[in-house]
Amino acid sequence: FGVPEVKKLKTVFVQKIKEAQKAAIYAIYKDKIDELITGTVDNIDPGKRFVSVNIGRTFVTLPRKEMIGDEIETIRPGQQLKVYLSGIGNSEQGIVVSRACPGFLKRLFEEEIRDVYDGTVIIKDIARVAGERSKVSVMSNDFNVDPVGACIGPGGSKIQKICAQLNHEKIDIIQYYDLKGLFIAECLQPAHVVGVKDNGDGSYIAVVKDGELKVAIGKKGVNARLAVKLAGGKIDIKEYSEAVEENIDFVPVEELKKQNDELVKEKKRLAMIEKSKEDEEKRKQTLASLTASADDIEDDEEYEDDDESLENETSSEEETLDTPV
């Protein structure tokens, strides 16, 4: 071979090695997609565009846009850092990680809140602007569990632990309601919504107390944008006096709560009926099992009676043979 052929062969060989390494890395991390991985910050780009994180078998690049706010200003080499493995991209992207996506926040909830981890509290959806504010809608199929209180914890202890890992990003825990109007009122927290009108075309008008329009919209419109994303519909926000002046026929929140109470009662009634059916089915299965067991016992007793009769007959025959003629 000449020099050009050797160089070409060397290039192909190196490329094959890289492909094999990437395949091995993919095999290791493919089952960890959508999970949190704790790594160590290796180095920071001089232009502060990204940081390199050692996650054990390989290094991953965490772009600035996938960080929480301006945390790159405080990150230091050697620091432990949790990242969310959102996927494995092409040969150029490699392993894709993030700290700004909703999945990262969801996994933190599962780590810090046992009720979320075991499924007692269900996270319906998350809307997030990393570093500024997040809204998390939660619910529970157990009527005796308060999902919002379970996430906040005594004195806010649980949610504070999560906020501390997010550079004190604000988090609103929202009670999920099947009644859309009431859910929209919750989504606009911390503003106080007095009523909601359903326009019938997937859009809504939320009426807030006078003087709370800015609170409902939020800084740079973040609160309103997150509410729209979480509720899944366009929301027009108006103050009470403006709504009255425009003769907007909205439904008061108190009335929406009464409607929701009726829906909850109906759900409980259906749940009790379903539970009664399940209990009846279990009772039938238990009764059938006991009946089968009783039949087996009777069969065993019959076999024992037959064995005793056979033994008695055998004993009689033996006595007869032993008696002198």
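Buried means under 20% relative accessible area, exposed over 50%, and partly exposed in between, with a 1.4 Å probe and protein chains only. The model is predicted: local features need pLDDT of at least 70, side-chain atom pairs count only at pLDDT 80 or more, and totals for chains, interfaces and linings use all residues. Residues are numbered from 1 along each chain as its sequence is written, and side-chain values use heavy atoms, leaving out hydrogens and water.

Select Phe-183 to begin: this residue is buried, at 3% relative accessible area. Add Tyr-176, which is partly exposed at 23%. Their ring centres are 5.1 Å apart and their planes stand at 65 degrees, so the pair is edge-to-face (rings of Phe, Tyr and Trp, the last by its six-membered ring, pair with centres within 6.5 Å; planes under 30 degrees apart are stacked, over 60 edge-to-face, the rest tilted).

Next, show Lys-124, which lies over the face of Tyr-176 at 4.8 Å from the ring centre (NZ of Lys or CZ of Arg within 6 Å of the centre and within 35 degrees of the ring normal).

Now select strand 8, residues 170–175 (strands are DSSP runs of E, at least two residues, and helices runs of H or I, at least four, numbered from the N terminus). Five of its six residues are buried, so the strand is largely enclosed by the rest of the structure. Add strand 7, residues 133–139, which pairs with strand 8 in the parallel sense over six bridges (pairing takes at least two DSSP bridges). Lys-135 stands opposite Asp-172 of strand 8.
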